[in-house]
Amino acid sequence: MRPAQKATTARKATTARRTTSGPARKTTAARKTTPARKATTARKATTARKATTGTARKTTSAARKSTTARKSTSGRAGVAKAASSRGGAVRTGKSTARSTRSSQVIASLQDRPERPGRSLVTTNHEVIQRWARARGAKPATISGTEREGRAGVLTFNIPGYRESSRIREITWEEWFHTFDLRRLNLIFQEQMRDGRQSNFFRTESPDREDG
């Protein structure tokens with residue numbers, strides 16, 4: 001073989017090796033790139049799952065708080081409604097009378113006056129009924145004061161006390177309907193200062209000066 005031919009053959013062999021090694025290097029680079037891409041994709045997926053989980057936890061927590069708040073509000077409303085039906089706390093407003101503020105609150109049947117002659121105030125239905133029964137008093141209204149189909153001025157028909165032809169007896173249901181609707185308080189006495197039974201009473205509205 002001539003020297004020129006040898007040189008040509010050597011160049012061809014070198015070129016072939018370079019051509020062969022090029023794809024090999026590209027294949028190796030591709031192999032290296034593929035795991036890197038997979039790792040990046042896995043990290044992104046993990047981050048997305050964490051974000052989704054975090055959002056779900058926040059949503060669940062918010063839902064629980066909302067449910068708890070509703071239950072709490074409902075519970076408070078139920079207690080307030082029950083307290084309203086029984087009476088108890090004195091009703092106050094812009095026109096609350098001085099006599100109401102200075103009277104002893106009788107919120108239940110267990111409460112007793114501090115002393116004979118003490119001015120008392122209550123909204124408790126049972127307390128009011130007990131006071132009336134002890135005096136033979138009947139729930140009543142003053143004829144001609146009715147408003148919108150309900151009783152007007154509330155009073156009691158007590159034998160031998162403040163008798164009037166205008167006093168008209170009504171049911172306890174009617175009496176308390178107006179009493180609660182108008183947010184009235186009952187100011188009364190159990191005994192006079194000398195210990196004798198007292199028939200004194202009057203209704204008072206915290207929203208108006210006259211009961």
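Two strands count as paired here if DSSP finds at least two bridges between them. In this predicted model, strand S3 (residues 138-142) and S4 clear that bar with four bridges, running in the antiparallel sense. One of the residue matches across this pairing puts threonine 141 opposite leucine 154, its bridge partner in S4.

S3 and S4 belong to an open sheet of three strands, ordered S4-S3-S5 and paired antiparallel. S4 and strand S5 (167-169) sit at the edges with a single partner strand each, so each has one side left without a neighbour in the sheet. From one strand to the next, the twist averages 50 degrees. Helix H4 packs on this sheet and touches S3 and S4, with its direction at about 150 degrees to that of S4.

A good look at H4 starts with tryptophan 175. Setting aside neighbours within four places in sequence, tryptophan 175 is in contact with Ile128, Pro139, Ala140, Leu154, Thr155, Phe156 and Ile170. Glutamate 173, also found in helix H4, is another story: its relative accessibility is 67%, and it therefore counts as exposed, the cut-off being over 50%. The C-alpha atom of glutamate 173 is 9.4 Å from that of proline 139, although the two residues are 34 apart along the chain.

Then there is the nonpolar interior. The largest nonpolar core holds 19 residues, and the members that touch the most others are Phe156, Trp175, Phe179 and Phe188. Helix H3 (125-133), S4, helix H4 (172-181) and strand S6 (185-188) are the elements that give two or more residues to this core. H3 gives the most, with four residues.

Aromatic rings come up again and again. A search of the whole structure turns up eleven aromatic pairs. Among them, phenylalanine 156 and phenylalanine 201 meet edge-to-face, with 5.1 Å from centre to centre and 75 degrees between the planes. Phenylalanine 156 lies in strand S4 (residues 154-157) and phenylalanine 201 in strand S7 (residues 201-204), so this pair ties together parts that are 45 residues apart in sequence. Both phenylalanine 156 and phenylalanine 201 are buried. They also belong to one aromatic cluster, formed by Trp131, Phe156, Trp172, Trp175, Phe176, Phe179, Phe188 and Phe201. Phe156 thus links several of these threads: it is a contact of tryptophan 175, a member of the aromatic cluster and one of the residues touching the most other members of the largest nonpolar core.

Methods:
Residues numbered from 1 in each chain as written. Predicted model: local features only at pLDDT ≥ 70, side-chain atom pairs only at ≥ 80, totals over all residues. Heavy atoms only, no water. Phe/Tyr/Trp six-rings, centres within 6.5 Å; stacked < 30°, edge-to-face > 60°. Buried < 20%, exposed > 50% of the residue type's maximum accessible area, 1.4 Å probe, protein only. Core = buried A, V, L, I, M, F, W, Y, C linked by side-chain atoms within 4.5 Å. Contact = heavy atoms within 4.5 Å. Axes fitted to C-alpha atoms, helices over the stretch in contact; angles between N-to-C directions.
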